[in-house]
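Me: I'm new to this one and would like a close look at a single part. Could you take me through one strand and then show me what lies around it?

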Amino acid sequence: MASRHNLGTVISFEFWRTVKKPSFWIATLSFPLMFAVIIGIVYYSSKTSSDSSEKLAQEKFSIEYKDDSDIVLPVVAEKLEAKKTQDKQQAIEDVKSGNVDAFFYYPANLNEAQVEVYGKDSGLFNNGKYSAVAEQMLKTSASATIANPKLIAVTQGSVGSKTTTYKENGEVSAGWLAAVPPLLFLVLFYFTIAMLGNNLLNSTVEEKENRVTEMILTTLNPTVLIVGKLLATFLAGLVQAAVMITPAIIAYFVLGADVINLPDKDILSQLVFDPTAIIIGALLMVGGLMLFTGTLVAIGAVMPTAKEAGQYFGIAIILMFVPFYIIMLILSDPNAMVVQVFTFFPYTAPVTALLRNAFGSLSIIDAAIVISSLIVLGTIIILLAVRLFRYGAMQYDGRLSLKTLTLKKR
Amino acid sequence: MTKAADSVISIENFTMKFGDKTVIDDLSFEVKKGETFGFLGSNGSGKTTTMRALLGIYQPSAGSLTINGKAFEPEDGKMLGYLPEERGLYKKESVIDVMTYFGQLKGLGKNEAKEWSLNYLKRVKLEDKAKTKVDKLSGGQQQKVQLGVTIMNDPDVLILDEPTKGFDPVNRRLLMDIIEAQRAKGATIILITHDMSEVERLCDRLILLKDGNKAAYGTVSEVLKKFKKTTMDDVFLHVYGEDAATQQEGEE
């Protein structure tokens with residue numbers, strides 16, 4: 001009962017002092033702020049370019065053209081009030097002298113030569129209108145000549161393909177739509193450690209840096225303190241995630257999926273949720289978090305200052321990041337020796353196994369081995385971390401030595 | 001050694017070794033309920049080590065150390081007030097937040113802890129510093145806050161490791177008044193100090209540690225009589241002699 005009361009007190013104290021720090025809000029708000037700025041820029045430039053396109057389309061200019069390819073139809077040219085000429089050199093001179101705004105030359109063999117476009121300079125961005133109109137004249141004429149909608153679709157590259165693949169048991173493979181939900185656990189794992197790891201490390205070293213350990217250890221069970229710190233850090237992480245995600249959700253529903261480059265709502269509804277992959281993903285994430293958070297607490301307990309502890313935290317982050325360097329190998333050849341090593345080596349296992357699980361190359365037996373080893377090792381490391389905290393925290397001025405640890409072991 | 005019925009703290013055949021070095025060698029003594037007990041010795045004589053072992057921070061190499069008949073556990077922290085030699089508080093938090101936190105850990109409700117803290121701060125003339133961050137306080141002010149945290153919830157047992165270290169005479173007086181008030185409330189106090197006048201004024205009994213064991217143990221008058229001295233300063237000089245003069249300053 002007292003332990004539960006103390007756990008609540010520790011969580012509350014640690015949580016509020018984390019969220020009251022200006023640095024927490026600077027880190028938390030910088031992401032949505034950056035996101036809002038990018039959305040603003042994308043929205044503004046998209047609107048501006050749309051307005052400009054409409055303006056350009058409405059803007060008329062005088063055209064002359066010479067067609068040696070015999071593709072451009074007079075009826076298409078007439079719509080644009082383009083005049084046909086036979087004297088290429090004179091037409092270029094007319095553009096130079098300003099008598100005509102643009103001249104297009106269509107060579108006889110378009111496979112070998114390019115369409116030549118000459119125009120009156122109207123600014124870096126506006127000059128693009130000449131080639132756009134020249135190409136449009138050609139495409140419209142070619143399409144009209146083919147006069148077959150199917151062939152036009154093929155020539156314009158607007159034909160798509162739909163692929164269906166089957167698993168060994170004959171079921172339809174869901175592909176990316178099934179990979180996305182379990183991949184979310186990888187994203188969650190990665191961001192949790194990357195964003196909260198430093199907080200956790202600082203929070204553990206803090207007792208030692210503030211020389212408050214002796215008072216704490218005579219008031220509170222170190223396990224309660226460490227668990228309280230872990231839970232408070234995760235709560236602070238939830239606040240951070242909520243603050244970061246909220247602007248994206250608002251933008252998604254208010255401005256639409258296109259603006260923030262997210263998939264359409266229909267695609268989201270087509271996602272395939274494979275319960276086995278999701279359960280394995282969740283367990284891998286939990287095991288990975290146990291291992292990495294335990295390691296961080298252990299580092300914090302051994303090191304005398306946050307600065308020194310930070311160097312070792314960097315190594316943990318690198319180990320976590322390493323599997324991304326061989327991501328193509330993980331996806332294409334999961335049986336490769338290096339992938340197998342990364343799958344079962346504890347500190348590279350979470351990312352590697354989460355990737356393989358999402359893409360369906362992690363067998364249930366392999367998953368069971370990785371999950372159980374992560375959870376068992378994570379538990380051992382957390383228990384060791386508590387022990388290290390208890391005795392390492394008394395070493396105010398230096399690292400905890402193994403000799404010291406064996407001497408102080410009640 | 002026969003344990004007295006009214007003993008609160010009992011240390012029996014306590015030995016503490018760090019590697020090959022024996023810091024405490026077969027030490028036994030008791031602290032009785034309600035008494036103020038002086039725990040004395042030169043730097044490095046093992047006073048802080050003994051207290052850390054008593055509070056479960058160190059594992060003794062041999063012997064038994066109990067409070068109220070059992071080994072101390074953090075869950076018993078509510079009845080204990082410990083002012084360690086190594087001072088420290090959460091420096092980036094406000095005074096009131098830190099005091100309230102420790103008050104809650106000692107079993108007080110949040111509001112109760114806050115109210116107690118505000119009253120204490122008023123008593124030590126720090127009422128205007130309640131919302132100030134700890135690292136903005138002077139060393140002496142931080143010590144006052146730490147003493148407040150120690151005596152919160154009126155603990156039955158107080159262990160004060162050099163409580164007046166770094167205090168000016170005015171604040172030393174204030175601090176001693178607070179300790180005397182706790183004593184009057186019936187608290188059992190272990191006072192670790194180098195100030196022999198404090199010992200003479202406050203302590204009912206004392207122990208003097210030398211070479212890992214007791215050089216003297218009894219009431220102040222018994223100790224004075226044993227060494228045929230009139231002041232505890234003289235006793236200290238007699239026991240430690242050149243050792244005390246040449247003892248390196250620093251941690252135990």
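Reply: Here is a walk through strand 3 of chain B, followed by its surroundings.

A quick word on the ground rules. This is a predicted model, where local features need pLDDT of at least 70, side-chain atom pairs count only at pLDDT 80 or more, and totals for chains, interfaces and linings use all residues. Residues are numbered from 1 along each chain as its sequence is written, while chains are lettered from A and ligands numbered from 1 in the order in which they are written.

Let's start with the strand itself. Strand 3 of chain B covers residues 36–41, and 6 of its 6 residues are buried. Helices (H or I, at least four residues) and strands (E, at least two) are DSSP runs, numbered from the N terminus. A residue is buried if 20 or more other C-beta atoms lie within 10 Å of its own, exposed if 12 or fewer, and partly exposed in between, with C-beta atoms placed from the backbone. From strand 3 of chain B, B:Thr36, B:Gly38 and B:Leu40 point one way, B:Phe37, B:Phe39 and B:Gly41 point the other way, and all are buried.

Now for the partners. Strand 3 of chain B pairs with strand 7 (residues 188–192) of chain B in the parallel sense, over 4 bridges. Two strands count as paired if DSSP finds at least two bridges between them. In strand 7 of chain B, B:Ile189 stands opposite B:Thr36. Strand 3 of chain B also pairs with strand 8 (residues 205–210) of chain B, again in the parallel sense and over 5 bridges. There, B:Phe39 has B:Ile207 as its bridge partner.

From here we can step out to the core. B:Leu160 touches B:Ile189, B:Ile190, B:Leu191 and B:Ile192, and also B:Leu83 and B:Ile179, not counting residues up to four places away in sequence. Touching here means contact: the C-beta atoms of two residues, placed from the backbone, lie within 7 Å. B:Leu160 and B:Ile190 are also among the residues with the most contacts inside the largest nonpolar core, which has 130 residues; A:Leu284, A:Leu354, A:Ala385 and B:Leu54 are on that list too. A nonpolar core is a set of buried Ala, Val, Leu, Ile, Met, Phe, Trp, Tyr and Cys residues joined through C-beta atoms within 7 Å. Helix 11 (residues 275–302) of chain A gives this core the most, with 15 residues. Apart from it lies another core of 18 residues, including A:Ala82 and A:Met137.

A:Leu354 leads us to helix 15 of chain A, where it is one of the buried residues. Helix 15 (residues 349–358) of chain A has 10 of its 10 residues buried, so it is largely enclosed by the rest of the structure. After helix 15 of chain A comes A:Gly360, with a positive phi near 75°.

What about the chain around our strand? Chain B has 8 helices and 9 strands, and 44% of its 252 residues count as buried. Its C-alpha trace spans about 50 × 35 × 35 Å along the principal axes. The radius of gyration of chain B is 18 Å, which agrees with the value near 18 Å that a compact globule of 252 residues would have. That radius is taken over C-alpha atoms, and the globule rule is 2.2 Å times the number of residues to the power 0.38. In chain B, 66% of the contacts with a separation of 6 or more are between residues 24 or more positions apart.

One spot in chain B has an unusual backbone angle to look at. B:Asp26, in strand 2 (residues 21–32) of chain B, has a positive phi of about 55° although it is not a glycine. Most residues other than glycine have a negative phi. B:Asp26 counts as partly exposed, because it has 13 C-beta neighbours inside 10 Å.

Chain B also meets chain A: 26 residues of chain B are in contact with 22 residues of chain A. On the chain A side, helix 1 of chain A gives the most, with 5 residues.

Finally, confidence. Chain B averages a pLDDT of 87, and 94% of the residues score at least 70; pLDDT is the predictor's confidence in each residue, from 0 to 100. Over residues 248–252 of chain B, pLDDT stays under 50. Where pLDDT is low, the predicted coordinates should not be read in detail. For the complex, the predictor gives an ipTM of 0.82 and a pTM of 0.72.
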